[in-house]
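Here is a friendly walk through one small piece of molecular architecture. Have a look at the sequence and the model first, then read on.

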Amino acid sequence: MIVVTRLDRTRFAVNPDLIERAHASPDTTLHMVDGHVFVVQESLDELVDLIVAYRARVLAAASVATAGG
C-alpha cells in the first residue's frame with residue numbers, strides 16, 4: 001500500500017496494483033480499476049516514486065522470505 005493525501009489533507013492508503021492510470025491536469029488524479037477516482041496532492045512524479053519504493057519493498061521482503069526458506 002502507498003499513502004497519498006486528498007486535497008482536504010486527509011491521508012489514505014491505496015493498493016498501487018489497482019491503479020489503472022494516473023494523470024495530472026493540474027491535480028493528480030488516480031483512476032482505479034474498479035472505476036473509483038481519487039484526486040490527490042502528490043505530484044505525478046511523487047506518485048511514481050511512491051509506487052517504485054513500494055515495489056522495491058515488496059521485492060526485498062520476497063527475497064528475505066525465500067532466502068530463509
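## Salt bridges, sheet and helix

The structure holds two salt bridges, a salt bridge being a side-chain nitrogen of Lys or Arg within 4 Å of a carboxyl oxygen of Asp or Glu. Before going further, a word on the ground rules: this is a predicted model, where local features need pLDDT of at least 70, side-chain atom pairs count only at pLDDT 80 or more, and totals for chains, interfaces and linings use all residues. Residues are numbered from 1 along each chain as its sequence is written, and side-chain values use heavy atoms, with hydrogens and water left out.

Here are the two pairs.

| Pair | Closest N to O distance |
|---|---|
| Aspartate 17 and arginine 55 | 3.0 Å |
| Arginine 21 and glutamate 20 | 3.4 Å |

The link between aspartate 17 and arginine 55 ties together distant parts of the chain: aspartate 17 is in the loop between β2 (11–14) and β3, while arginine 55 belongs to helix α1, 38 residues apart. Helices (H or I, at least four residues) and strands (E, at least two) are DSSP runs, numbered from the N terminus. Aspartate 17 is partly exposed, with a relative accessible area of 46%, and arginine 55 is partly exposed too, at 37%. Arginine 21 is also partly exposed, at 44%. For these labels, buried means under 20% relative accessible area, exposed over 50%, and partly exposed in between (1.4 Å probe, protein chains only).

Now for the sheet. Three strands line up in the order β3-β4-β5 to form an open sheet with antiparallel pairing; two strands pair if DSSP finds at least two bridges between them. β3 (19–24) and β5 (37–40) stand at the edges with a single partner strand each, so one side of each has no neighbour in the sheet. From one strand to the next, the twist averages 20°.

Five bridges join β3 to β4 (residues 28–32), and histidine 23 has threonine 29 as its bridge partner in β4. On the other side, four bridges join β4 to β5. These two strands form a hairpin with four residues between them, and glycine 35 in the turn has a positive phi of about 95°.

In a regular strand the side chains alternate between the two faces of the sheet. In β5, Phe38 and Val40 make up the covered face, and Val37 and Val39 the uncovered one. Helix α1 (residues 44–68) lies across β3 and β4, running at about 150° to β3. Axes here are lines fitted to C-alpha atoms, for helices over the stretch in contact, and angles run from 0 to 180 degrees between N-to-C directions.

Is histidine 31 buried or exposed? Histidine 31 counts as buried because its relative accessibility is 14%. This residue sits in strand β4, and its bridge partner in β5 is valine 37. Leaving aside neighbours within four places in sequence, histidine 31 has contacts that include Leu18, Ile19, Glu20 and His36, contact meaning heavy atoms within 4.5 Å.

Finally, meet glutamate 42, in the loop between β5 and α1. Glutamate 42 is buried yet has no salt bridge, and the nearest side chain of opposite charge, arginine 11, is 6.2 Å away. (Lys and Arg count as positive and Asp and Glu as negative; His and the chain ends are not counted.) Its side chain does make a polar contact with the side chain of threonine 5, at 3.0 Å. A polar contact is a pair of N or O atoms within 3.5 Å; within protein, one must be able to donate a hydrogen and the other to accept it, and residues adjacent in sequence count only if both atoms are side-chain atoms.
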